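Open your viewer and get comfortable. We will take a short walk through this chain, one selection at a time.

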Amino acid sequence: MSENQEPMTLEGWAGAQNLALTLVFTDIVDSTNIGIKLGDTTWIENLMEHFSVARGIALMYDSYVVKVIGDSLMLAFRTSSEAVQFATGFSLDTGFDYIGIRVGIHSGEVEIRENDIYGLNVNFASRVQHALPGEGILSTESVKRDYERRLGTNTGVKFIPRVVDMKSFGKETVYFTFTPEFRKASRIHWNARQTIIQPRKI
């Protein structure tokens with residue numbers, strides 16, 4: 001893209017106003033406590049780097065970063081398989097050892113207006129992400145089905161079912177989504193986070 005060329009809008013990327021997309025919501029675990037301990041200047045700088053890492057990984061796929069919401073991101077993907085690949089990659093490399101993320105992934109019909117995405121599937125995707133008590137990735141049935149149809153079941157990505165109460169949406173079966181590397185990464189994130197939130201007393 002040249003210096004004089006405007007960035008592509010969400011509408012331009014999607015190519016339609018009404019279509020099926022896979023939505024990804026990310027959120028930083030313990031972000032408020034981390035921010036309090038680090039202070040605004042350091043925390044905001046690190047947050048910007050965290051978002052930069054996310055955008056770099058997203059560039060590997062046919063995706064669009066819809067918006068930043070505080071310390072959270074909303075992204076759109078054309079396929080569930082690429083959304084899962086992004087989520088697993090970003091969970092391992094968040095920019096800083098102390099940053100762990102919770103990620104919700106859901107596919108469905110949405111409507112695009114004024115460079116944003118609307119519809120009940122957006123609400124549901126957000127609920128999926130908020131259903132995680134801590135670090136991890138939670139995917140819906142449609143995401144799991146599409147991922148396994150495209151890439152098979154021997155990629156190293158595992159889907160573990162769990163029934164969750166999605167409030168107004170009722171109880172739904174969703175899937176903890178992880179790779180063998182995730183457990184090690186989450187321990188690193190937790191340990192690094194504790195040194196910030198609960199430093200040892202001398």
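The tour starts with the whole chain and then stops at a few residues.

**Whole chain**

Please keep in mind as you look around that this is a predicted model. Begin by showing the chain as a cartoon: you should find 7 helices and 8 strands. Now switch to the C-alpha trace, which spans about 60 × 45 × 35 Å along its principal axes. How does the radius of gyration fit a compact globule? For 202 residues such a globule would have a value near 17 Å, and the chain has 17 Å, so the two agree.

Next, turn on the surface. The accessible area of the chain comes to about 10900 Å², and carbon and sulfur atoms account for 50% of that. As for the interior, 49% of the 202 residues count as buried. If you display contacts between residues at least 6 apart in sequence, 70% of them join residues at least 24 apart. You can also colour by charge: there are 21 positive and 24 negative charges, and their mean positions lie 10 Å apart.

**First stop: threonine 195**

Select residues 180-197 to highlight helix H7, then pick out threonine 195 within this helix. Is threonine 195 buried or exposed? Its relative accessibility is 54%, and exposed means over 50%, so threonine 195 counts as exposed.

Show the side chain and look for the backbone oxygen of alanine 192: a polar atom of the threonine 195 side chain lies 2.5 Å from that oxygen. Then add tyrosine 98 to your selection. Tyrosine 98 and threonine 195 are 97 residues apart along the chain, yet their C-alpha atoms are separated by 8.5 Å.

**Second stop: glutamate 114**

Move on to strand S4 (101-113) and strand S5 (116-118); glutamate 114 sits in the loop between them. What is the sign of phi at glutamate 114? Phi is positive here, about 50°, although glutamate 114 is not a glycine. Most residues other than glycine have a negative phi. With 75% relative accessibility, glutamate 114 counts as exposed.

**Third stop: lysine 167**

Finally, select strand S7 (158-165) and strand S8 (171-178), and look in the loop between them for lysine 167. Lysine 167 is not a glycine, but has a positive phi of about 60°. The side chain is easy to select for a look at the surface: lysine 167 counts as exposed, at 64% relative accessibility.

Terms used
Residues numbered from 1 in each chain as written. Predicted model: local features only at pLDDT ≥ 70, side-chain atom pairs only at ≥ 80, totals over all residues. Heavy atoms only, no water. Helix = DSSP H or I, 4+ residues; strand = E, 2+ residues; numbered from the N terminus. Buried < 20%, exposed > 50% of the residue type's maximum accessible area, 1.4 Å probe, protein only. Polar contact = N/O pair within 3.5 Å; in protein donor to acceptor, adjacent residues only side chain to side chain. Rg over C-alpha atoms; globule rule 2.2 N^0.38 Å. Contact = heavy atoms within 4.5 Å. Areas by Shrake-Rupley, 256 points an atom, 1.4 Å probe, with all protein chains shown as cover. Lys, Arg positive; Asp, Glu negative; His and termini not counted. Charge placed at Lys NZ, Arg CZ, Asp CG, Glu CD.
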